[in-house]
Amino acid sequence: MPKKIKVGVVGCGYWGPNLIRNFRSLPDCHLKAMCDKQEHRIAHLKALYPEVHAAADYADMLNGVDVDAVVIATAVKSHFPLAKASLMAGKHTFIEKPMTGSSEHCEELIDLARKKSLVLMAAHTFLYSPVVQKIKEIVDHGDIGEIRYICARRLNLGLFQKDINVAWDLAPHDISIIQHILGEQPTTVNCRGSAHITPGVEDVTTMCLNYSRQRTAIIHSSWLDPRKVREMTIVGSKRMIVYDDCAPLEKIRVYDSRVERPPHYNTFAEFHYAYHYGDIYSPFVKQEEPLKTECQHFLDCINHGKSPMTDGQKGLELVRILEASSESLKQGGCAIEFSKRSSGNVSTTPSPTRLARRVLTPKMSGSRLNGKKLSDPTGRKPQMKIASNT
């Protein structure tokens, strides 16, 4: 019988209550604590779950409450110091996306978790969706042929962030799905965007990930669209998939459509594209809450000593792509050469070093940052570079 894992959740704002609800519902979890520095949030959740210990001080939850694992659902700028403190205290750690604000911090957390034999999990929730798993199954079986390109749109009005741009906020969902489907790293990353509401914080971006074999993924993210759109189109050489996460029932539709060029022709007049329009079908997918599956997976990995499907390495790979997108934005949309060995020194948030030093002080109020960009303490130079136009 699996051991009941004692879990504490820090961050009770937008997403934290969903994590609290799901972990509390799982039979092999004992939700022991919830933490937030905003007293009204804690008061509201305490009224819903009176049996759960509530704390405004992270150090109190980490050291004063007997928890086995910590779930972090706070602002991105605080992910690294909170996660580092959790791992240093010997707690298995679950971090909402993106894992941290820089690849260097991801690497440090991965090394720390490995040294202490702890589970470190990045919350890429959509990979635990039955719909995405079904799409992966269809692609792996070769039903749509060779993937030619993927186009994703994730649009809505708000929620506006101040410490990260819309690419860091919304694109991680689409990047994680695309990486899962293609199973490789991009060769180059381009990104262009505009900041209309908050100066310096892009609220509309278009990202282009280029892969081997002339495959491309385009990701459009916006906080300024009047409609909520969650759509991804996967174009293959045989068929095409449209994934609409906002659809109430048929979230996946497979189109038996394609275009073919003639294999042989003698003159240009004989050259004609062949367009094929076939049936459209929607495969059956069992409806399950991806977040609940993700939470259960975290507990299973702790109980059985397994590495999560979305481990720290997956979180690192995603952050590296986001760093490359930030560098491309700064360079006016230039292509940034991307390598799985790269560890770009691009930061989208102020350095949380001061917060890291203050995280275990009596009050969890270390969100005041000096705003200065720190150099890489290891002395390594970033390996991302602008791709040549030639």
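## Strand pairing, salt bridges and surface

Strand S8 and strand S15 (residues 336-337) pair in the antiparallel sense over two bridges. The model that shows this pairing is predicted. The protein has ten helices and 16 strands, and 51% of its 390 residues count as buried. The salt bridges in the protein number 17, and three of these pairs are described below: Glu107 with Arg320, Asp174 with Arg154, and Glu288 with Lys286.

**Strand pairing around S8**

- In the pairing of S8 with S15, Val189 stands opposite Ile336 of S15.
- Strand S8 (residues 188-194) is also joined to strand S9 (residues 204-210), in this case by seven bridges.
- The strands S8 and S9 run antiparallel, with Thr188 standing opposite Asn210 of S9.

**Salt bridge between Glu107 and Arg320**

- The side chains of Glu107 and Arg320 form a salt bridge with an N to O distance of 2.7 Å.
- Glu107 belongs to helix H5 (residues 103-115) and Arg320 to helix H9 (residues 312-330), so this salt bridge ties together parts that are 213 residues apart in sequence.
- Glu107 has a relative accessibility of 15% and counts as buried, because the limit for that class is under 20%.
- Arg320 is buried as well, its relative accessible area being 7%.

**Salt bridge between Asp174 and Arg154**

- In the salt bridge of Asp174 with Arg154, the closest N and O atoms are 3.0 Å apart.
- This pair links distant parts of the chain, with Asp174 in helix H7 (residues 166-182) and Arg154 in strand S7 (residues 147-157), 20 residues apart.
- Asp174 and Arg154 are both buried; for Arg154 the relative accessible area is 4%.
- Leaving out residues up to four places away in sequence, Arg154 touches Phe126, Leu170, His173, Asp174, His220, Ser221, Ser222, Val229 and Arg230.
- The salt-bridge partner Asp174 is thus listed among the contacts of Arg154, and so are Leu170 and His173.

**Salt bridge between Glu288 and Lys286**

- Glu288 forms a salt bridge with Lys286, and the closest N and O atoms of the two are 3.7 Å apart.
- That distance meets the criterion for a salt bridge because the cut-off is within 4 Å.
- Glu288 counts as partly exposed at 40% relative accessibility.
- Lys286, at 54% relative accessibility, counts as exposed because the limit for that class is over 50%.

**Surface**

- Leu157, Phe160, Ile197 and Leu224 make a nonpolar surface patch of about 380 Å².
- One member of the patch, Leu157, has its place in strand S7, the strand in which Arg154 lies.
- Leu157 counts as exposed at 62% relative accessibility, whereas Arg154 is buried at 4%.
- The accessible surface of the protein comes to about 18900 Å², and carbon and sulfur atoms account for 52% of this area.

**Contacts across the chain**

- Among contacts in the protein with a separation of 6 or more, 67% are between residues 24 or more positions apart.
- The salt bridge of Glu107 with Arg320 joins parts that are 213 residues apart in sequence.
- For Asp174 and Arg154 the separation is 20 residues.

Methods
Residues numbered from 1 in each chain as written. Predicted model: local features only at pLDDT ≥ 70, side-chain atom pairs only at ≥ 80, totals over all residues. Heavy atoms only, no water. Helix = DSSP H or I, 4+ residues; strand = E, 2+ residues; numbered from the N terminus. Buried < 20%, exposed > 50% of the residue type's maximum accessible area, 1.4 Å probe, protein only. Pairing = 2+ DSSP bridges. Patch = residues over 30% accessible without salt bridge, like charges linked within 9 Å, V, L, I, M, F, W, Y side chains within 5 Å. Areas by Shrake-Rupley, 256 points an atom, 1.4 Å probe, with all protein chains shown as cover. Contact = heavy atoms within 4.5 Å.
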